[in-house]
Amino acid sequence: MFNELRGLGLDANGLYTILILVIKVIILVVPVKLAAMWMAAKRTGFLWCALALLISAILYQVGEMLVPTYGTIVAFLLASAGFTLILGTSYAGGIGVSLLYLLFSLLISYAARVWLAA
């Protein structure tokens, strides 16, 4: 297997980089997937959740740029709309996905910090 990867031009550093990238994507998407399942979204697949996270992040940045005074509130509402559109839930469900994503992300980062400190 490693000989085939070397044929593609990947060495140990390239494999390590790909592994870290995959782990980061999993850590980012799993909270969205859990939140979508809790909010009974129609589409809870891994790729749907990754797409919803990407669209919501883009909409969040647009909201921050367009409304400088109340940008965080507008950006949060736009990100919730992104979750709503992609995951197929109501707007209240999209807000719920946003809030649960925040909660799950904080819990995962805290657990990782505790695990790495031990």
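In this predicted model, a good place to start is where helix α2 passes α5 in a right-handed crossing. Helix α5 also packs against α4, and α4 in turn packs against α3. The largest pocket draws at least two lining residues from each of α3, α4 and α5. Here is a quick tour, contact by contact.

**Helices α2 and α5**

- Helix α2 spans residues 12–38, and its axis comes within 8 Å of that of α5, with a crossing of roughly 135 degrees.
- That angle falls outside the 65 to 115 range for roughly perpendicular and is not over 145, so α2 and α5 are oblique to each other.
- On the α2 side, the contact uses Ile27, Leu28, Pro31, Val32, Leu34, Ala35, Ala36 and Trp38. Facing them from α5 are Val97, Leu100, Tyr101, Phe104, Ser105 and Ile108.
- By class, 13 residues of the α2 and α5 contact are nonpolar and one is polar, with no charged residues.

**Helices α4 and α5**

- Helix α4 covers residues 71–87 and helix α5 covers residues 91–117; their axes lie 8 Å apart at an angle of about 110 degrees.
- The two helices α4 and α5 are therefore roughly perpendicular to each other, and their crossing is right-handed.
- From α4, the residues that meet α5 are Phe76, Leu77, Ala79, Ser80, Ala81, Phe83, Thr84 and Leu87. Their partners in α5 are Tyr91, Gly94, Ile95, Val97, Ser98 and Leu99.
- This contact of α4 with α5 has 10 nonpolar and four polar residues, and no charged ones.

**Helices α3 and α4**

- The axes of α3 and α4 are 7 Å apart, and the packing angle is about 155 degrees.
- An angle over 145 counts as roughly antiparallel, which is why α3 and α4 are described as roughly antiparallel to each other.
- The crossing of α3 and α4 is right-handed.
- Residues of α3 in this contact include Trp48, Cys49, Leu53, Tyr60 and Glu64. Those of α4 include Gly71, Val74, Phe76, Phe83 and Leu87.
- Sorted by class, the contact of α3 with α4 has 16 nonpolar, five polar and one charged residues.

**The largest pocket**

- The largest pocket holds about 250 Å³ of space.
- Its lining consists of Leu53, Ser56, Ala57, Tyr60, Phe76, Ala79, Phe83, Ser98, Tyr101 and Leu102.
- Helix α3, residues 46–66, is among the helices that each supply at least two residues of the lining, and α3 gives the most, with four residues.
- Eight of the lining residues are nonpolar and two are polar, while no charged residues take part.
- Some lining residues also appear in the helix contacts: Phe76, Ala79 and Phe83 line the pocket and are among the α4 residues that meet α5.
- Likewise, Tyr101 lines the pocket and belongs to the contact of α5 with α2.

Conventions. Residues numbered from 1 in each chain as written. Predicted model: local features only at pLDDT ≥ 70, side-chain atom pairs only at ≥ 80, totals over all residues. Heavy atoms only, no water. Axes fitted to C-alpha atoms, helices over the stretch in contact; angles between N-to-C directions. Parallel < 35°, antiparallel > 145°, perpendicular 65-115°, else oblique. Left-handed = near helix turned anticlockwise from the far one by under 90°. Contact = heavy atoms within 4.5 Å. Nonpolar A, V, L, I, M, F, W, Y, C, P; charged D, E, K, R; others polar. 1 Å grid on protein atoms, 1.4 Å probe; cavity = no way out; pocket = protein on both sides within 12 Å on 5 of 7 lines; lining within 4 Å. Points joined across faces, edges and corners; volume = space filled by probe spheres on them.
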